[in-house]
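This report walks through a model of several chains, from the contacts between chains to local details of the backbone. Please look over the sequence and the structure before reading on.

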Amino acid sequence: MKYSYYPGCTLKTKAKALDAYARASAKALGFELEEIKDWQCCGGVYPLGADEIATKLSSVRALADARDHGQELVTLCSACHHVIKRVNDDMKNVDDIRTRANNYMQLDTPYAGETNVLHFLEVLRDRVGFDELKKKVVNPLSGKKIGAYYGCLLLRPSEIMTFDDPENPKILEDFIRAIGAEPVVYPYRNECCGGYISLKEKEMAGRMTDTIQASASGFGAEMLITACPLCQYNLNQTVDGLPVLYFTELLAEALGVKEEAMA
Amino acid sequence: MPLNEKTGEFTPKIVAFCCNWCSYAGADLAGSSRLAYPAEVKIIRVPCSCRVNPMFILRAFEKGADGVILCGCHPGDCHYSTGNYYARRRMTLLFSMLDYIGVEKGRTRVEWVSAAEGVKFSTTMNEFAAKIHELGPNVRLEDLRCKN
Amino acid sequence: MSNVSKIEKQAALIREISGVNPYKCMKCGKCSATCPAFDEMDIKPHQFVSYVQEGNIAALAESKSLWKCLSCFACVERCPRDVKPAKLIDAARQIVEREKGGDYLMADEIPTLLDPELPQQLLVSAFRRYRR
Amino acid sequence: MQRIGVFVCHCGSNIAATVDVKKVVEMAAREPGVVHAEDYQYMCSEAGQAKIAAAIAEKKLTGIVVCSCSPRMHEATFRKCAERAGLNPYMVEIANIREHCSWIHKNMEEATEKAVILARAAIAKVNLNAPLKPGESRVTKRALVIGGGIAGIQSALDIADAGYEVDIVEKTPSIGGRMAQLDKTFPTLDCSACILTPKMVEAAAHEKINIYTYSEVEKISGFVGDFTVDIRKKARSIDANKCTGCGACQEKCPSKKSLSEFNRGLNTRSAIYTPFAQAIPNVPVIDREACIKFKTGKCGICSKVCAAGAVDYEQKDEIFTEKYGAIVVATGFDTIKLDKYDEYAYNQSKDVITSLELERVMNAAGPTKGHLERLSDGKHPEHIVFVQCVGSRCSDERGKPYCSKICCMYTAKHAMLIRDKYPDVKVTVFYIDVRTPGKNFDEFYRRAVEEYGVNYIKGQVGKVAPQPDGSLLVQASDLLDNKQIKMKADMVVLATAIEPDPSVRPLATMLTASIDTNNFLTEAHPKLRPVESPTAGIFLSGVCQGPKDIPETVAQAGAAAVKAIGLLAKDKLTTNPCTAKADELLCNGCSTCANVCPYGAISYEVKLINDHGVREDRRIAVVNNALCQGCGACTVACPSGAMDLQGFSNRQIIAEVDAICR
């Protein structure tokens, strides 16, 4: 199985590991991530304004490219996933945005939201299946108590993201179980880490990550996993906080391809 | 062509058949809620949408109507259980036949409006009237039996 | 342009950019109950609606709240009336940024904010949120 | 040629402010057949009706058109007026120039022009009207009450006391409904069971009332005065005539892990069970999904311990058919599912419960024997938080757009009861608005605040976060203080929105009763006919029509009963004369009409027909006027155009079309 793949800027720089582990794991699970040619940065945040068009075009370009290849589009970074999924929804359902974006783009075939956007976790859940994943685990992470950190971008707004229950999600917990570890459920796993606010308001962001870290360790987590480089960065600012890992690192470890990935 | 004598604008003739139990009551609710729609729309009360004979609609177009809309209870809510299902099937057939002979699909419409949907009645009529304005005057059907 | 018509125009612009009907709000305060940045805000999320309704855009434009909203969408998700306060806040921010000199992040202050671990995503997001 | 009178109503200024009534009179007078036209301020008033009667007599009118409000409002009024003046009531047509004209148009010229056209259409129609005579149908002197909660019980008692037979059909194993689950009732705080149980016993003992529990309505046909209903008695697996209600079977049943429906799933029950101790009838049922005997064939302990030999594993569902003159719907409500509201952590913590669950917790017969305790660990709570409007007043698809009406009062009740019994427990209520209209209601709420020290905070809760120490952190806003609050609680109680019981939807379809977008049954008129369905012979009792508390439910149940009694007291009903009729000369007996008739009103007879001198026996469609409801489906289906609908004939409708398109 081949998917179009949109890595995003951070996965090419500071979060190379997130990307590398994902690719190696995909190979081990029998699917391929084919990187889109000449992709451009998604912009990091979804432009909320109803009159924003130009800021949405890079997503449209990636979506149209996947459509032209007849593939589903897979993302990994939460921010990219959020932006591309929402732009796709606009292209499918908002006449005004679709018309104006297509006028700008002048594609051979106008784009109207045909591509199915999947997060890597959704590929694991809905295409591979967690039961299947479990069978392929060679190195179960038994005994590890892991807190899943979802953050905002994958879950909300749920009517568009349709990723999981926005208030009581379980996809990462199911993932943790599949790789043989023990999920630790704590209530702040879907509360904001501070996001981009940490650039200028470090104290404010710090208070937020402290709450999340304290909640997770209070319930007995030994580490946190996330899909988002920014969440990881922010959560790591808490002094003496739990270690924060990318979920793909644990996946690669469980599948026994960790060394290979970083080679 | 139905042009307003004073303004010279196109004022279409629109006939709305409404079933007594849901849509006519919905129109009443639109009225008591003061939800405006164009005066071009004139309502004819029928007991059920299934009472509307395709002949009535042909007759309306023959007499110069520019649009005909049929409103009934929502599927499953018909006062007579199944009348609106009959209406839906009959109208699907009729409208595609009308389209074939040159009366555009936009000039005919079936809509389900419940007694509680005054807002929907009003928006439906506004939309439909706007559509008829967009389409302009209808070609007038003629009954050749009346012409020798 | 007279002052009154400018305010009306801006209030209308906020409604247009946000796509939100502020009159749907029933003032339950769930947005403010939810907001993780509540304590940092001078105008609280549930108050945004009244400011837009009253056309008090100048106060909104000057508020600190514009720059404290995290776009975490918790208020959007939990609002029982589908008012989406985050969208209103973002629309007000857009209005400020689209005017000259409205940027909240200056290019020359960036070097002081950087650290070696900081991901690109953070800079990109901040740029888009804080600048035109 | 008809002699038609046209009467244009001003309706005060309702019509006259937007429609030039004089112009309508002037234009109507020019129409063919019109011999009289006049206007008056209020045509429906006594003076207005006198004018109509006088004109009918003086001008020898054969038909009249009243240009006024909707026929749904005053058609009956004007028909009666015409009848009193000696005119057949079906010679009256209404032009709706208020709801369909003056109320929706602002421009006088435009509205007047439309009013004239609507009047013309009515005149064109009445020109083709023919006098009609209503038929008669019989009334079965028996009522069916669907639902055995307080609404159904009250309606049944009132109808039975008037001397008519009543059957109650209840889908659960006992009557009693939601009220049986309540602990205390507001605003008097008397115990719910103490006031409900005597009514249940009274209903069970009433010689005119038959109770069918564990039964459901399967099929309904017929019409007002003469409904035929199939009722399914689900297999109880117990012979009710033999069972003594000793309870030995329930005690010995080894399958005890099913969640108790009565206790809202907070504890378990045996597979053979009565829902609660005061159940009526006191006859258990076997839950075949949970029963070991039914699942594996082995066990049969209940049968062995039953001294009366009442257990019958072979029992089957039974369907019986009964005739009724009137049907009262009293299907009640349930709380909405909270799956989409997990910011309140309902699915994440046992200590977050709904208010109805709290009723069971507070009740001496409930899962905690009436002790207030955290369900997670049995700990005595120090602080309880109540959240109002959970799922009510929501415009998104997660909740309901309406106010559930009862929550403000029961939350004040809960808060007060807790503070009264456990003065050490702190109680906080988060509210958006406190809505307490009703006799002694606001006083009750104020007592909770003033005398019992309940802390009311205006603001909604945004998140409930379970803490490692087992407590709950409630994050909310205090709008009056403009603060965000975080407070620890041991329990959170959610005032969950109520919705009509889901069984009402298929039932409404069977009854052809209309239902609104929230699945509440629609009343015939929101103000003037609040307990009748628009479908004749169907009456509404309790929350199936809209949210209401116990006193309102009982009042409506009584009102529905009175309406049903009014119907049952009649020996005969006049039927709608606007029925279908076949033209014998055109009918070829093809059966197409009979196939589309939803009422089975069309049969065939072989008749001697004289077709322009040719006499022959032909198979002809015959409409049963008592069964025909006048929908007109057959008239369109008829390939030869033989079938027509009286009062809405092809010619009449075409005349209206012509008048409008003229």
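Helices and strands are DSSP runs, numbered from the N terminus, with at least four residues for a helix (H or I) and at least two for a strand (E). By that numbering, A:Asp240 sits in the loop between α10 (229-235) and β8 (244-246) of chain A. The model is a predicted one. Phi of A:Asp240 is near 55°, which is a positive value in a residue other than glycine. Most residues other than glycine have a negative phi, and most peptide bonds are trans.

**Cis peptide bonds**

Two peptide bonds are listed here with the loops that hold their prolines.

| Peptide bond | Omega | Loop that holds the proline |
|---|---|---|
| A:Arg156 to A:Pro157, cis | about -5° | between β5 (145-148) and α7 (158-161) of chain A |
| D:Ile280 to D:Pro281, cis | near 0° | between β15 (272-273) and β16 (285-286) of chain D |

**Contacts between chains**

Four pairs of chains touch, and the pair with the most contacts is chains B and D. On each side of that pair the count is equal to 42: 42 residues of chain B are in contact with 42 residues of chain D. On the chain B side, the elements that give two or more residues are α1, β2 (41-46), α2 (54-62) and α3 (83-100) of chain B. The most comes from α1(B), with six residues. Sorted by class, the side of chain B that touches chain D holds 23 nonpolar, 10 polar and nine charged residues.

Chain A also touches chain D, with seven residues of chain A in contact with eight residues of chain D. The chain A side of this contact consists of three nonpolar, two polar and two charged residues.

Chain B makes no contact with chain A, and the closest C-alpha atoms of these two chains lie 18 Å apart. Chain B and chain C do not touch either; their nearest C-alpha atoms are 17 Å apart.

**Two domains of chain A**

Chain A is divided into domain 1 (2-120) and domain 2 (130-262). Taken over C-alpha atoms, the centres of these domains of chain A are separated by 23 Å. Their contact takes 23 residues from domain 1 of chain A and 24 residues from domain 2 of chain A. On the domain 1 side, α1 (16-29) and α3 (78-93) of chain A are the elements that give two or more residues. The largest share of that side, nine residues, comes from α1(A). By class, the domain 1 side has 13 nonpolar, six polar and four charged residues.

**A helix pair in chain B**

Helix α1 (residues 23-32) of chain B packs with helix α4 (residues 118-135) of chain B at an angle of about 90°, and their axes are 7 Å apart. An angle of 65 to 115 degrees counts as roughly perpendicular, so α1(B) is roughly perpendicular to α4(B). From α1(B) the contact uses B:Ser23, B:Gly26, B:Ala27, B:Leu29 and B:Ala30, and from α4(B) it uses B:Gly118, B:Lys120, B:Phe121 and B:Ser122. These residues divide into four nonpolar, four polar and one charged. Helix α1(B) also appears above, as the element that gives the most to the side of chain B that touches chain D.

**Domains and a sheet in chain D**

The domain assignment of chain D gives domain 1 (4-126), domain 2 (142-234 + 317-332 + 501-568), domain 3 (248-305), domain 4 (335-499) and domain 5 (580-646). Between domain 1 of chain D and domain 5 of chain D, the C-alpha centres lie 35 Å apart.

Chain D contains an open sheet of five strands, in the order β20-β27-β21-β22-β23, with parallel pairing. Its edge strands are β20 (352-354) and β23 (455-458) of chain D, each of which pairs on one side only. From one strand to the next the twist averages 25°. Helix α12 (residues 407-421) of chain D packs on the sheet and touches β21 (383-390), β22 and β27 (491-496) of chain D; the direction of α12(D) makes about 175° with that of β21(D).

Strand β22 (residues 426-431) of chain D pairs with β23(D) in the parallel sense over four bridges. Within this pair, D:Val429 stands opposite D:Tyr456 in β23(D). Together with helix α13 (residues 441-450) of chain D, β22(D) and β23(D) make a right-handed β-α-β unit.

How values were computed. Residues numbered from 1 in each chain as written. Chains lettered and ligands numbered in written order. Predicted model: local features only at pLDDT ≥ 70, side-chain atom pairs only at ≥ 80, totals over all residues. Nonpolar A, V, L, I, M, F, W, Y, C, P; charged D, E, K, R; others polar. Domains from an automatic or database assignment. Pairing = 2+ DSSP bridges. Axes fitted to C-alpha atoms, helices over the stretch in contact; angles between N-to-C directions. Parallel < 35°, antiparallel > 145°, perpendicular 65-115°, else oblique. Right-handed = clockwise from strand over helix to strand, strands pointing away.
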